[in-house]
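Here are a few short exercises to work through at the bench or the screen. Try each one with the model open before you read the solution.

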Amino acid sequence: MKNAHWERTGAQLSGIVDSSSWCLGDWLVYGKEQYADRYRHVVQAVGLDYQTLRNYAWVAGRFPLARRRSGLSFQHHAEVAAMSPDEQDRWLDEAETQIWSVKQLRAAIKATRSDRTTETIRTALMPRIPIPDRRLTRWRQAAHQSSVELDQWIVSTLDRAAAETLDKTTHDETE
């Protein structure tokens, strides 16, 4: 009897931790839209690591309430947050159906990626570039108006600028 109570208590505590990740993430997303310099103040007020808070906000921002799976943890969602919404849904559906742990979901994703033999997708991390708040705010507005995530907007804008520059260089060389 004691063991069952202890296990139930652990499950309840786990649910509270998971809920608090979503709550903090949603709170930060709201703060992003309503208040300037939120992270500096939040890190001091909440006492959590800056990167932890950024992760919470990023995952919460990638999953509106209607797309969250109550049967899966915040960490399940975090595992697929970088994917397109269709891929996210496919993997979360599979995790729900198969009753996968986060570790099992991660392994399944990794196995699928390593099975790709036709094309190797390589990504590089951009160096950190200090951006004034007013510019970042303007870029976020442009991304929002374009109905895309900020990172997608930045990449497509840089791709267009590169193409324009390279096309101009090629054109100048042929004259």
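The exercises below concern this predicted model and go from the overall fold to single residues.

**Exercise 1. Find how many helices and strands the protein has, and how much of the protein is buried.**

Solution. Start with the secondary structure: there are eight helices and zero strands. Read along the sequence, this gives the pattern α-α-α-α-α-α-α-α. Next, turn to burial: of the 175 residues, 21% are buried. Finally, look at the surface, where about 13,700 Å² is exposed and carbon and sulfur atoms supply 55% of that area.

**Exercise 2. Work out how helices α1 and α3 are oriented: are they roughly parallel or roughly perpendicular?**

Solution. First locate the two helices: α1 covers residues 2–34 and α3 covers residues 50–62. Their axes lie 7 Å apart and make an angle of about 85°. Angles of 65 to 115 degrees count as roughly perpendicular, so α1 and α3 are roughly perpendicular to each other. Now list who touches whom. From α1 come Ser-21, Trp-22, Leu-24, Gly-25, Asp-26, Leu-28 and Val-29, and from α3 come Leu-53, Tyr-56, Ala-57, Val-59, Ala-60 and Gly-61. Sorted by character, the residues of this contact are nine nonpolar, three polar and one charged.

**Exercise 3. Trace the aromatic cluster that includes Trp-22.**

Solution. A search of the whole structure gives four aromatic pairs. Take Trp-22 with Phe-63: the pair is edge-to-face, with 6.5 Å centre to centre and 85° between the planes. Trp-22 sits in helix α1 and Phe-63 in the loop between α3 and α4, 41 residues apart. Both residues are buried.

Then take Tyr-56 with Phe-74, also an edge-to-face pair, at 5.5 Å centre to centre and 90° between the planes. Here helix α3 provides Tyr-56 and helix α4 provides Phe-74, 18 residues apart. Tyr-56 and Phe-74 are buried as well. Put the pieces together: Trp-22, Tyr-56, Phe-63 and Phe-74 form one aromatic cluster.

**Exercise 4. Look at the backbone of Ile-99 and decide whether Ile-99 is buried or exposed.**

Solution. Begin with the general expectation: most residues other than glycine have a negative phi. Ile-99 is not a glycine, yet its phi is positive, at about 55°. Next, place the residue: Ile-99 is in the loop between α5 (85–98) and α6 (102–115). For the last step, recall that exposed means over 50% relative accessible area. Ile-99 has 71% relative accessibility, so Ile-99 counts as exposed.

Note on methods. Residues numbered from 1 in each chain as written. Predicted model: local features only at pLDDT ≥ 70, side-chain atom pairs only at ≥ 80, totals over all residues. Heavy atoms only, no water. Axes fitted to C-alpha atoms, helices over the stretch in contact; angles between N-to-C directions. Helix = DSSP H or I, 4+ residues; strand = E, 2+ residues; numbered from the N terminus. Parallel < 35°, antiparallel > 145°, perpendicular 65-115°, else oblique. Contact = heavy atoms within 4.5 Å. Nonpolar A, V, L, I, M, F, W, Y, C, P; charged D, E, K, R; others polar. Buried < 20%, exposed > 50% of the residue type's maximum accessible area, 1.4 Å probe, protein only. Areas by Shrake-Rupley, 256 points an atom, 1.4 Å probe, with all protein chains shown as cover. Phe/Tyr/Trp six-rings, centres within 6.5 Å; stacked < 30°, edge-to-face > 60°.
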